Amino acid sequence: MQSWLPQAKRKVKSMHEIDEAWAKTCEILLGGEIGELGKFETHLSRYVAPLSMKKSAISGIGVAVHEGSFCNGAKFISNSESEAAAPVSRVNPLDINSIKDLDSILEALAGRTYYSGNIVLGNSSNVSLSNRCMNSSCVYASSDVYDSEYVAYSSIMRYMKYAFGADTVADSAFVIGGFNTTHDTRCFEVNQTFYSSDCYYVANLEGCNDCMFSFNLRNASYCIGNLALPKPEYGKIKAKLLEDIRSTLASRKEAPRIIDFLALRKAKSGVFLQKNSVLPDAGATTPGRGTSSNFLSMQEQVPRQAALEKINSAFGETAQLIFGKRLGRMSDYGAWLQGHVPPPRKSKSVASGIAMVVPGWKFFSTVGDFVTFEESLELGRQTLSKEEIETFSLSNAAESLKGLSLTSPWFYRKSMGMVDVAISREAQYCYWGSIYVFSRYCAYSHWPRDSEYVFGSNLIFSSKFCIKCHDSSNLSRCFEVSDSNNCSDCYFCHNCEGMQECMFCFNAKNLKYAIFNVKLEKVKYQALKKSALAGITKDLEENKSLGIDIFNLGCLHWKKRQERTRKKK
């Protein structure tokens with residue numbers, strides 16, 4: 001993000017409202033202003049999923065898109081230029097009758113595809129240098145912002161007010177530096193913290209108020225270094241620490257992030273918990289094996305193999321609906337399904353050696369040491385001494401917190417049948433992913449929410465029976481669809497809305513039985529669809545992957561891909 005924002009910022013007509021929101025948030029959180037928002041660009045952008053700026057192939061204006069998804073050489077437009085980028089037009093005609101099968105579709109598609117950025121939808125206003133924003137206002141240099149206002153240098157925001165330098169935060173207000181949090185108010189540098197308020201530099205907290213530099217606590221108040229203090233004493237030390245944080249930011253335009261404290265390398269010998277600690281069974285394959293009913297990660301037990309069989313069956317049902325036939329074992333297609341989806345990673349608890357799964361977020365990429373959820377709650381009993389707190393400051397925090405800042409990437413609630421999953425909430429039968437919320441029968445995906453039968457997909461909400469769909473909502477029976485809403489039975493579509501039974505459509509709305517944004521007779525469309533799916537399933541069955549996807553259609557030539565495949569064989 002840092003590579004283009006300083007130049008692009010000059011073109012923004014008005015930063016007045018977002019600057020005022022920043023000043024207001026600093027006043028509330030830190031007790032005073034610390035400088036203009038733009039001076040904290042580098043600091044706030046760290047650990048946030050990055051944007052990049054492209055040039056419109058039509059007008060040359062700047063186009064904000066998500067970094068790392070699209071193929072080299074892809075052409076971009078601003079979402080407002082969609083009509084001028086139609087795949088078929090008087091300037092760029094096409095004989096639809098020449099299209100017979102997948103090969104001829106891809107031959108005809110060459111040079112006709114444009115990817116959209118600057119996507120701002122719904123009731124939105126004052127959105128600048130941002131992409132995929134819906135029903136939001138006063139948004140700057142951010143992506144995937146929904147139903148929010150006053151947001152800058154952030155990604156994946158839902159129902160937010162006054163958020164800066166945050167990633168994956170929902171239902172919160174006045175947050176600077178939040179990472180995977182929800183239902184928080186007036187929080188500064190918090191990670192995996194829920195239903196909490198007035199917290200600073202904390203991780204893995206729930207139901208907490210007025211805590212600073214604390215970790216792995218539940219329902220705590222007036223804590224510093226996990227040590228509960230009388231309210232007057234806490235207030236006195238808090239004022240001193242806030243002045244330390246405020247003056248550091250004002251003078252240096254940067255300060256430690258909460259992720260920096262989590263990334264501190266712990267002792268090689270690991271961590272020793274109390275002898276009566278409740279630990280998961282060493283043979284556990286999913287979190288939540290503690291025996292205490294108080295643990296929030298408790299879930300209904302399902303044997304690993306039984307859960308995998310159900311998930312595999314769901315994959316077969318989904319393939320049947322989308323392709324007209326089952327594809328075989330899901331694991332054979334794992335590498336292909338994982339493409340364009342942030343992968344989680346495997347790790348081990350430094351306390352017990354129990355195998356764990358770490359979410360694939362950018363902000364966790366630098367963190368190497370973790371413990372299980374149950375172990376983290378045991379570690380929450382450890383505190384700094386009163387003497388340590390009296391001399392505590394931002395400058396010595398890293399050294400002082402080494403014994404406390406070890407936490408867990410796991411969080412399970414009311415879930416069952418989770419296999420190799422990092423975080424879930426009210427989910428059933430999901431495999432290999434970072435976060436599954438209110439979803440069931442999903443795999444190789446990152447954050448499906450209110451969805452079912454979803455595979456190989458990233459940020460997909462309120463959808464069902466989808467394979468390899470990304471950054472979309474309200475999809476049904478779709479394959480290789482991105483940046484779209486309210487679509488059904490669509491294949492290889494980008495930035496589409498209200499579409500039914502469509503293939504290879506870009507930047508279009510309210511079409512049915514269409515290819516290249518051109519409506520066809522139902523019989524003609526169904527014949528083309530049948531032929532195209534035959535080519536797709538044949539390649540999938542032979543190679544367990546497909547050389548084309550929604551993100552490389554703008555660059556890849558089908559015949560050249562076939563030639564490369566033959567050479568490899």
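Glu243 and Arg246 both lie in helix H5, 3 residues apart, or about one turn of the helix. Helices here are DSSP runs of H or I with at least four residues, strands are E runs of at least two, and both are numbered from the N terminus. The two side chains form a salt bridge, with the closest N and O atoms 2.0 Å apart. A salt bridge is a side-chain nitrogen of Lys or Arg within 4 Å of a carboxyl oxygen of Asp or Glu. Glu243 is partly exposed, with a relative accessible area of 39%. Arg246 is buried, with a relative accessible area of 18%. Buried denotes under 20% relative accessible area, exposed over 50%, and partly exposed the range in between (1.4 Å probe, protein chains only).

The model is predicted: local features need pLDDT of at least 70, side-chain atom pairs count only at pLDDT 80 or more, and totals for chains, interfaces and linings use all residues. Residues are numbered from 1 along each chain as its sequence is written, and side-chain values use heavy atoms, with hydrogens and water left out.

Helix H5 (residues 231–252) takes part in another salt bridge, through Lys238. Its partner is Asp210, at 3.6 Å from N to O. Asp210 belongs to strand E13 (residues 209–218), and the pair links parts of the chain 28 residues apart. Asp210 counts as buried, at 16% relative accessibility. Lys238 is also buried, with a relative accessibility of 16%.

Salt bridges number 22 under this rule. Arg132 and Asp483 form one of them, with the closest N and O atoms 3.1 Å apart. Arg132 lies in strand E7 (residues 131–134), and Asp483 sits in the loop between strand E24 (464–482) and strand E25 (485–497). The pair therefore ties together parts that are 351 residues apart in sequence. Both Arg132 and Asp483 are buried. A network of salt bridges links these two residues with Asp144 and Asp471.

At the level of the whole chain, the secondary structure comprises 13 helices and 29 strands. The chain has 569 residues, of which 59% count as buried. The exposed surface of the protein chain is about 22400 Å², and carbon and sulfur atoms supply 49% of it. These areas come from the Shrake-Rupley method with a 1.4 Å probe; for residues, only the protein chains shown count as cover. Among contacts (heavy atoms within 4.5 Å) between residues at least 6 apart in sequence, 42% join residues at least 24 apart.

The largest nonpolar core holds 136 residues. Such a core is a set of buried Ala, Val, Leu, Ile, Met, Phe, Trp, Tyr and Cys residues joined through side-chain atoms within 4.5 Å. Phe164, Phe213, Phe323, Phe455, Phe479, Phe504 and Leu553 touch the most other members. Strand E12 gives the most to this core, with 9 residues. A second, separate core has 24 residues, including Met418, Cys430, Met499 and Leu511. Within the largest core, Phe323 is among the residues touching the most other members. Leaving aside neighbours within four places in sequence, Phe323 contacts Ile467, Phe479, Leu533, Ile536, Thr537 and Leu540.

Strand E12 spans residues 167–206 and includes Asp167. Asp167 is buried, with a relative accessible area of 3%. Its C-alpha is 5.0 Å from that of Phe179, a residue 12 places away in sequence. Beyond residues up to four places away in sequence, Asp167 touches Tyr47, Val48, Ala49, Ser155, Ile156, Met157, Gly178, Phe179, Asn180 and Phe363. Asn204 also lies in strand E12. Its phi is near 55°, a positive value in a residue other than glycine. Asn204 counts as buried, at 1% relative accessibility.

Asn226 likewise has a positive phi, near 70°. Asn226 is placed in the loop between strand E14 (221–224) and strand E15 (227–228). This residue is buried, with a relative accessible area of 6%.

Strand pairing requires at least two DSSP bridges between the two strands. Strand E8 (residues 137–140) and strand E10 (residues 149–152) pair in the parallel sense over 3 bridges. Here Tyr140 stands opposite Ala152 in E10. Strand E10 also runs parallel to strand E11 (residues 155–164), joined by 3 bridges. In E11, Lys161 is the bridge partner of Glu149.
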